[in-house]
Amino acid sequence: MPNWTRTFVKVVDAVNYRIGRMSMYLLFVLSGVLLWSIIGKAMGHPPLWTQEMAQFTMVSYFVLGGAYSLQLGANVRMDLLYGRWSSRKRAAVDSITVFAMIFFLGVILWGGIESTLYAFEIGERSRSVWRPYLAPVKIVICIGVFLMILQSVAFLFRDMAHLRGEDI
């Protein structure tokens, strides 16, 4: 495989690893927001922002950790046949099916970008009492989906190298 593919795979893996590890700490942020909500309700002054902030934090955690989850192989996979195959056959099947994943993620990214641009154009806000702007969370979703696309392409390069008898 060309050196640029090896470099691409290593850079994508490193970036997704670091972002995934950092996004794990969003669970502590989520816990803090929910704890603040509980304390506020117990004091008789429920904060207006905690429910949506918890949702935004969970979306960020989920989407930014998606590429890291793919990288670790922690995604759900149907292992009925796949687990019995040789590593070469798995690489061959994965190098074909990865295109479906890239297409699916590409459609999501396309819609996410359109939705984000629309949110910026009209200054889209939530319909709740707090009324936060929705563009920031949509940007995070687009970044997370883009990282998953990059990780999928890295998988493709890695599988192609494996089929050629090389390892990346």
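Let me start with E166: this residue is partly exposed, with a relative accessible area of 22%. On this scale, buried means under 20% relative accessible area, exposed means over 50%, and partly exposed is in between, with a 1.4 Å probe and protein chains only. A word on the source: this is a predicted model, local features need pLDDT of at least 70, side-chain atom pairs count only at pLDDT 80 or more, and totals for chains, interfaces and linings use all residues. Residues are numbered from 1 along each chain as its sequence is written, and side-chain values use heavy atoms, with hydrogens and water left out.

Back to E166. Which residue does E166 meet in a salt bridge? The partner is R164, at 4.0 Å, N to O. A salt bridge here is a side-chain nitrogen of Lys or Arg within 4 Å of a carboxyl oxygen of Asp or Glu. R164 is exposed, at 57% relative accessible area. Add R6, and you have a network of salt bridges linking R6, R164 and E166.

The structure holds four salt bridges. Take R158 and D13 next. Their closest N and O atoms are 2.3 Å apart. R158 lies in helix α7 and D13 in helix α1, so this pair ties together parts that are 145 residues apart in sequence. Helices are DSSP runs of H or I, at least four residues, numbered from the N terminus. D13 is buried, with a relative accessible area of 17%. R158 is partly exposed, at 24%.

Then E124 and K138. Here the closest N and O atoms are 2.7 Å apart. E124 is in the loop between α6 (87–122) and α7, while K138 is in helix α7, 14 residues apart. K138 counts as buried, at 16% relative accessibility.

Now helix α1 itself. It covers residues 3–23, and its 21 residues should span 30 Å at 1.5 Å a residue. The expected span is 1.5 Å times one less than the number of residues. The end C-alpha atoms are 30 Å apart, which agrees. Which residues of α1 are buried? They are T5, V9, V12, D13, N16, G20 and S23. Seen down the axis, they fall within an arc of 105°, so they line one face of the helix. That arc is taken from the directions from the helix axis to the C-beta atoms. On the other side of α1, N3, W4, K10, R18 and M22 are exposed. What do the buried residues pack against? The answer is α2 (26–42), α3 (50–64), α4 (66–72) and α7 (135–163).

On to the rings. There are five aromatic pairs. Rings of Phe, Tyr and Trp (its six-membered ring) pair if their centres lie within 6.5 Å; planes under 30 degrees apart count as stacked, over 60 as edge-to-face, and the rest as tilted. Y25 and F28 are stacked, 6.1 Å centre to centre, with 25° between the planes. Y25 is exposed, at 53%. F28 is exposed too, at 60%. Ring pairs also link W4, F8 and F157 into a cluster.

Last stop, A91. This residue lies in helix α6 and counts as buried, at 4% relative accessibility. Which residues does A91 touch, leaving aside its neighbours within four places in sequence? A91 is in contact with D159, H162 and L163. Contact means heavy atoms within 4.5 Å. The C-alpha atoms of A91 and S31 are separated by 40 Å, with their positions 60 residues apart along the chain.

Definitions and conventions. Helix = DSSP H or I, 4+ residues; strand = E, 2+ residues; numbered from the N terminus.
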